[in-house]
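Biologist: Could you take me on a close walk through one part of this model, and then show me how its surroundings are put together? I would enjoy one connected account rather than a list.

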Amino acid sequence: MLLVQPTEEMSKQIRVELNENPATRDKDLEIIKEWLSKQPHLPKFDDDQRIMTFLRGCKFSLEKCKRKLDMYFTMRAIVPEFFSNRDITTPSMQELMKYIQIPPLPGLTKNGRRVIVMRGVTKDVPTPNVAEAMKVVFMIGDIRLREEKCGVAGDVYILDASVATPTHFAKFTPAIVKKFLVCTQEAYPVKLKEVHVINVSPIVDTIHNFVKPFLKEKIRNRIFMHSDIKTLYDYVPREILPTEYGGDAGPIQDIHEMWMKKLEEYGPWFAEQEAVKTNEALRPGKPKTQDDLFGLDGSFRQLTID
């Protein structure tokens, strides 16, 4: 199974952490569905599983869930570079995925968190298309919205910087990084718990210093640098890590290939989702634009990450 679900015992702990009350969650779901149906600019959306994942990610705050869902559909309308032509079988996507691997790992940490590894395969290739790589991150995110059946207690990212070079970093412009951060944190029910950077090098310090001012202190305190892989095991159990990182979950290439297959299987669904977005002409008040959300000055506003 590509996404192992929490055990019943673990789910009980997660429900407490996410403010999930089994006695009232169905009522909360109906409130959100009724609200969605009354918004003239939002698409018809009758996906109980995805809505429930949003509620969990928002700790069952109805108002926060409404804001996230509105932004989820808005991003699809105004950031086509991330949310259109989502077809993993195209030659450009196939080529990209030879050189980057970004799979969520099958297992969970002991406190019910999902671990995602992000890494390049080799230094000796041109810098991949950054927007296309970010597109794949959101494709995997959408699959998780559908398949995380009972919720997880947040995400843990492992960023392997072993092949990072200054040339790669140069392609991450402030504008595209800002779009990615806003989409990730304001349009998805993400609960970012930890970021672990392994195989650190001087370029990692540069990247860290570039991003750090745009993050709230709470998140800055959740970023950990590891010069020795063994210190990662204090946070992520070895049994769920791939072989390459001293773990028992098998080669990361095998996990990557299973995710590639799943992304391909979801092809028809991704095509259907092209139409599931806001109609800004029908939004009450003023339509939202890229300028409203991302600005023209290239400056970041601090993002709130729960």
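Modeller: Let's start at His 196, whose bridge partner in strand 6 is Phe 224. Please keep in mind throughout that this is a predicted model. The pairing of His 196 with Phe 224 belongs to a set of four bridges that join strand 5 to strand 6 (residues 223-226), and these two strands run parallel. Strand 5 also pairs with strand 4 (residues 155-160), again in the parallel sense, this time over six bridges. There, Val 156 stands opposite Glu 194 of strand 5. So how many residues of strand 5 are buried? Seven of the seven, covering residues 192-198, and strand 5 is therefore largely enclosed by the rest of the structure.

A side-chain contact also reaches strand 5. The backbone oxygen of Leu 192 lies 2.7 Å from a polar atom of the side chain of Arg 222. Arg 222 sits in the loop between helix 11 (217-220) and strand 6. Is Arg 222 buried or exposed? With a relative accessible area of 18%, Arg 222 is buried, because the cut-off is under 20%.

Moving past strand 5 brings us to Asn 199, in the loop between strand 5 and helix 10 (202-211). Phi of Asn 199 is near 55 degrees, a positive value in a residue other than glycine. Asn 199 has 40% relative accessibility and so counts as partly exposed. You will find a positive phi at Asn 19 too, where the angle is near 60 degrees, and this residue is likewise not a glycine. Asn 19 is found in the loop between helix 1 (8-17) and helix 2 (25-37). Its relative accessibility of 47% makes Asn 19 partly exposed.

Now for the helices, with helix 7 as our guide. Helix 7 takes in residues 130-147, and at 1.5 Å a residue its 18 residues should span 26 Å; the C-alpha atoms at its ends are 26 Å apart, so the model agrees with that expectation. At the start of helix 7, a side-chain oxygen of Asn 129 comes to within 3.1 Å of the backbone nitrogen of Ala 131. Of the 18 residues in helix 7, 15 are buried, so this helix is largely enclosed by the rest of the structure.

A link over a long stretch of sequence involves Met 139. Met 139 and Phe 270 are 131 residues apart in sequence, yet their C-alpha atoms are 8.1 Å apart in space. Phe 270 has its place in helix 13 (residues 267-273), and at 1% relative accessibility Phe 270 counts as buried.

Finally, let's look at an enclosed space. The structure holds two cavities of 30 Å³ or more, and the second largest has a volume of about 40 Å³. Which residues line this second largest cavity? They are Met 97, Ile 102, Pro 103, Ile 140, His 256, Trp 259, Met 260 and Leu 263. Helix 12 (residues 252-265) gives the most to this lining, with four residues. By class, the lining has seven nonpolar residues, one polar residue and no charged residues.

Terms used: Residues are numbered from 1 along each chain as its sequence is written. This is a predicted model: local features need pLDDT of at least 70, side-chain atom pairs count only at pLDDT 80 or more; totals for chains, interfaces and linings use all residues. Side-chain values use heavy atoms; hydrogens and water are left out. The expected span of a helix is 1.5 Å times one less than its number of residues. Buried means under 20% relative accessible area, exposed over 50%, partly exposed in between (1.4 Å probe, protein chains only). A polar contact is a pair of N or O atoms within 3.5 Å; within protein, one must be able to donate a hydrogen and the other to accept it, and residues adjacent in sequence count only if both atoms are side-chain atoms. On a 1 Å grid over the protein atoms alone, a cavity is a set of points where a 1.4 Å probe fits but cannot get out, and a pocket is an open set with protein on both sides within 12 Å along at least five of seven lines; lining residues have an atom within 4 Å of a point. Grid points are joined across faces, edges and corners, and a volume is the space filled by probe spheres set on the points. Ala, Val, Leu, Ile, Met, Phe, Trp, Tyr, Cys and Pro count as nonpolar, Asp, Glu, Lys and Arg as charged, and the others, Gly among them, as polar. Two strands pair if DSSP finds at least two bridges between them.
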